[in-house]
Amino acid sequence: MEIKNLSYKRILSKTGRLVSISLLAVQEACQPSKKPLSAIIKEVCEGWQLPNHETYALQNADSTNFYITEKNRNNIKNGSILRLTKSPVSSRFMAMQLHERIQSSSLDVKLDALKDLANSSRDITFAQEFINLDGISLLTQMVESGTDGCCLVSCSFGEMLSFTLTAFVELMDHGIVSWDTFSVAFIKKVWYLGNDVLQRSLAILESMVLNSQDLYQKVAQEITIGQLMPHLQGTDQDIQTYTIAVINALFLKAPEEKRQEMAHILAQKQLRSIILTNVIRGPKPINEEMAHQLYMLQVLTFNLLEDRMMTKMDPQDQAQRDIIFELRRIAFDVECESNSGSIEKRKSMYTRDYKKLGFINHVNPAVDFTQIPPGMLALDNMLYFARQHQDSYIRIVLENSSREDKHECPFGRSSIELTKMLCEILKVGELPSENCHDFHPMFFTHDRSFEEFFCICIQLLNKTWKEMRATSEDFNKVMQVVREQITRALTAKPNSLDQFKSRLQNLSYTEILKIRQSERMNQEDFQSRPIVELREKIQPEIMELIKQQRLNRLCEGTCFRKISSRRRQDKFWYCRLSPNHKVLHYGDLEESPQGEVPHDSLQDKLPVADIKAVVTGKDCPHMKEKGALKQNKEVLELAFSILYESDEYLNFIAPDKHEYCVWTDGLNALLGKEMTSEFTRSDLDTLLNMEMKLRLLDLENIQIPEAPPPIPKEPSNYDFVYDCN
């Protein structure tokens, strides 16, 4: 085979993993030739000044990825794209060389070998060969023995250890070797290696905890929360991030009965205040990964409430009934009259007071707390409010008990429904999302943040009830308004509970009505028959416009993250549609791209004609696999897969809901199916309303220019500008 008039184009920089070159215009690649493949490979390598041409091979760049040999070279189709890459034999040879060099007695040779190993381990072909040589065990022994007996005072030791741990992490990330094989001695050594490699040590510990229940127990026994705390008090945000990640991993894998105990230890060690002082209010802005870890900690902390939220009250349990008696005593300043008056008189008195407290069941209020959710959590919140904000509690109860029956705001019923609502807003009991960064700084400002959150919101509910002049029939309407007030206030991400309270003060019922009216005007939908007919006429044009936009976005492409149990592996892949809408190009990336990735740098391709179907959510193959991802509701909502050929899938997890809608819409459009995403409905509604308003403008006797008016020149000065600040 001979390749004439080749147009070589370098598409990937030289990394430690591979060098890829696109071979274009392969007009004669499928023709027999006297020139052997080795000579062709040598010619290409010399053209790009690549040494050791014998370590390279030609590989088909399509989804088959088969290597070109003398036997199958005649099967290459004209116009195929080939990739110059490390040959399997070369990977095996390189693995053997590095395996030997990292055991060298020369410090310089060992250091260079470990550096090469750290780079090469990213490639799964090399990783498999190195692991087959028992490379993981060798690295483990080197770590346990102090990098194979290297002089600890050497200035190269820290760098050597860094490369050793980097290679170890990269090799383990391929999922070839089970984490269960590591010993307590290795865990101890990783933890006590020192500050030079602390970030990598923490990353390894996090992966151990997340990937092995046995290792979780070993790590939990060897490493205490107190040992982790000092790393949060430094200024290195990466170290702080990995430290919180380890704490989150320990929290997530802990048995339910131990999570409360761990939360108590975290409270004793003042984790919340340390994070607030050194991270949230620290000198550096919070990056994306830190935001995710803070969100994880927030979710895991609130999930501790799930047990109480799902616990029904036992009406016969005297200790639980005493809490209700305590609420009555604080509100009406009465003691429990055990022997005063007849039984009937005491029952009548209790019934009267329980009615004033706003319970649905006046005779036995304990029955109100048998609904789950919110179960006993509602009663806990009520008692906290009564004890910690006693004046506000008494004022609300007495204020409502003096109103007419139909205008009183029932404190008991309101507290139960409000607790349920807050649990829904904060998603108590749900697993944290892999892609979310939505943490709220205000929840890190108080040890009892959920209870304080409730106290603010119950007072808001009472205030809104009065502003709406509500009656008992309006209860659900009031709760809807209160939900809107709370969610709008949370959107502003207040830094403290006081800021949250101030934000709610500005979101009165009157203000909510104004916001709703403004939104209704912006979404005005004319219902008269001529208008409806005009909308129906315009809609196909708008849908075609949306379809073209989706396809254009697919042509631009999207970077997808490869998600695994160790989230911060920072491995990416990119996918984009060809300009002629006939081929999907995709391939792995070393890092997240700053812009579009060229088609010719993406190694694999999938013809659109081969696509059989697009499936989403729990129907995706990667959501049916074993692991925590399939249990995560938010990840399920971002997952989709392309089915092609016979039982072959290309699996995606979109970075966010917007990209999910763009890709599922675009793929459905390519297959000639209807675009049904929320994003499409929203765009259709917005564009239709804009087009309708434009067409219904009163433009009689008004000449519309063919070209836009010229942009005026800039003024000579801006002295007329008024600075509002």
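The following exercises, each with a worked solution, concern a predicted model.

**Exercise 1. Aromatic pairs around Phe443**

Determine the geometry of the aromatic pair formed by Phe302 and Phe443, and state which parts of the chain this pair links.

Solution.
- Step 1. The count of aromatic pairs comes to 27. One of them is formed by Phe302 and Phe443, with 4.9 Å centre to centre and 90° between the planes.
- Step 2. Planes over 60 degrees apart count as edge-to-face, and the pair of Phe302 and Phe443 is accordingly edge-to-face.
- Step 3. Phe302 belongs to helix α15 (residues 288-302), whereas Phe443 lies in the loop between α21 (411-425) and α22 (449-468). The pair links distant parts of the chain, 141 residues apart.
- Step 4. Phe302 and Phe443 are both buried.

Next, classify the pair of Phe443 and Phe453, and decide whether each of the two residues is buried or exposed.

Solution.
- Step 1. The ring centres of Phe443 and Phe453 are 5.3 Å apart with 85° between the planes, an edge-to-face pair.
- Step 2. Phe443 is in the loop between α21 and α22 and Phe453 is in helix α22, so the pair ties together parts that are 10 residues apart in sequence.
- Step 3. Buried means under 20% relative accessible area. Phe443, at 6% relative accessibility, therefore counts as buried. Phe453 has a relative accessible area of 0% and is buried.

**Exercise 2. Further ring interactions**

Identify which residues ring pairs link into a cluster, and state where the charged end of Arg413 sits.

Solution.
- Step 1. The cluster linked by ring pairs consists of Phe560, Trp573, Tyr586, Phe640, Phe652, Tyr660 and Trp663.
- Step 2. The charged end of Arg413 sits over the ring of Phe475, at 3.8 Å from the ring centre.

**Exercise 3. Salt bridges and their surroundings**

For the salt bridges of Lys218, Asp353 and Glu596, give the partner and the closest N and O distance; then describe the accessibility of the residues involved.

Solution.
- Step 1. The whole structure contains 26 salt bridges. As a general point, side chains of opposite charge can pair when their charged atoms come close.
- Step 2. Lys218 pairs with Asp214, and their closest N and O atoms are 3.2 Å apart. Both residues lie in helix α10 (residues 213-222), 4 residues apart, which is about one turn of the helix. Asp214 has a relative accessible area of 34% and is partly exposed.
- Step 3. Asp353 forms a salt bridge with Arg352, with 3.3 Å between the closest N and O atoms. Asp353 is buried at a relative accessible area of 2%, while Arg352 is partly exposed at 44%.
- Step 4. Glu596 forms a salt bridge with Arg576 at a closest N and O separation of 3.4 Å. Glu596 lies in the loop between β7 (583-589) and β8 (604-607), and Arg576 in strand β6 (residues 572-577), 20 residues apart. Glu596 is exposed at 52% relative accessibility, whereas Arg576 is buried at 8%.
- Step 5. Glu326, Arg329 and Arg387 are joined into one network by salt bridges that share partners.

**Exercise 4. The nonpolar cores**

State how many residues the largest nonpolar core has, and which residues have the most contacts inside it.

Solution.
- Step 1. The largest nonpolar core has 82 residues, and Leu139, Met208 and Ile275 have the most contacts inside it.
- Step 2. Helix α7 (residues 157-173) supplies the largest share of this core, 10 residues.
- Step 3. Leaving aside residues up to four places away in sequence, Leu139 touches Ile102, Leu114, Leu117, Phe130, Thr164, Ala167, Phe168 and Leu171.
- Step 4. A second, separate core has 66 residues, including Met313, Ile324, Ile330 and Tyr384.

**Exercise 5. Strand pairing and burial**

Explain why strand β4 is described as largely enclosed, and describe how the side chains are arranged along strand β5.

Solution.
- Step 1. In strand β4 (residues 82-86), 5 of the 5 residues are buried, so this strand is largely enclosed by the rest of the structure.
- Step 2. Strand β3 (residues 56-60) is joined to β4 by 5 bridges, and the two run antiparallel. Gln59 has Arg83 as its bridge partner in β4.
- Step 3. Side chains alternate along strand β5 (residues 558-561): Thr558 and Phe560 point to one face and are buried, whereas Cys559 and Arg561 point to the other and are not.
- Step 4. Strands β5 and β6 run antiparallel and are joined by 4 bridges. The bridge partner of Arg561 in β6 is Phe572.

Definitions and conventions. Residues numbered from 1 in each chain as written. Predicted model: local features only at pLDDT ≥ 70, side-chain atom pairs only at ≥ 80, totals over all residues. Heavy atoms only, no water. Phe/Tyr/Trp six-rings, centres within 6.5 Å; stacked < 30°, edge-to-face > 60°. Buried < 20%, exposed > 50% of the residue type's maximum accessible area, 1.4 Å probe, protein only. Lys NZ or Arg CZ within 6 Å of the ring centre and 35° of its normal. Salt bridge = Lys/Arg side-chain N within 4 Å of Asp/Glu carboxyl O. Core = buried A, V, L, I, M, F, W, Y, C linked by side-chain atoms within 4.5 Å. Contact = heavy atoms within 4.5 Å. Pairing = 2+ DSSP bridges.
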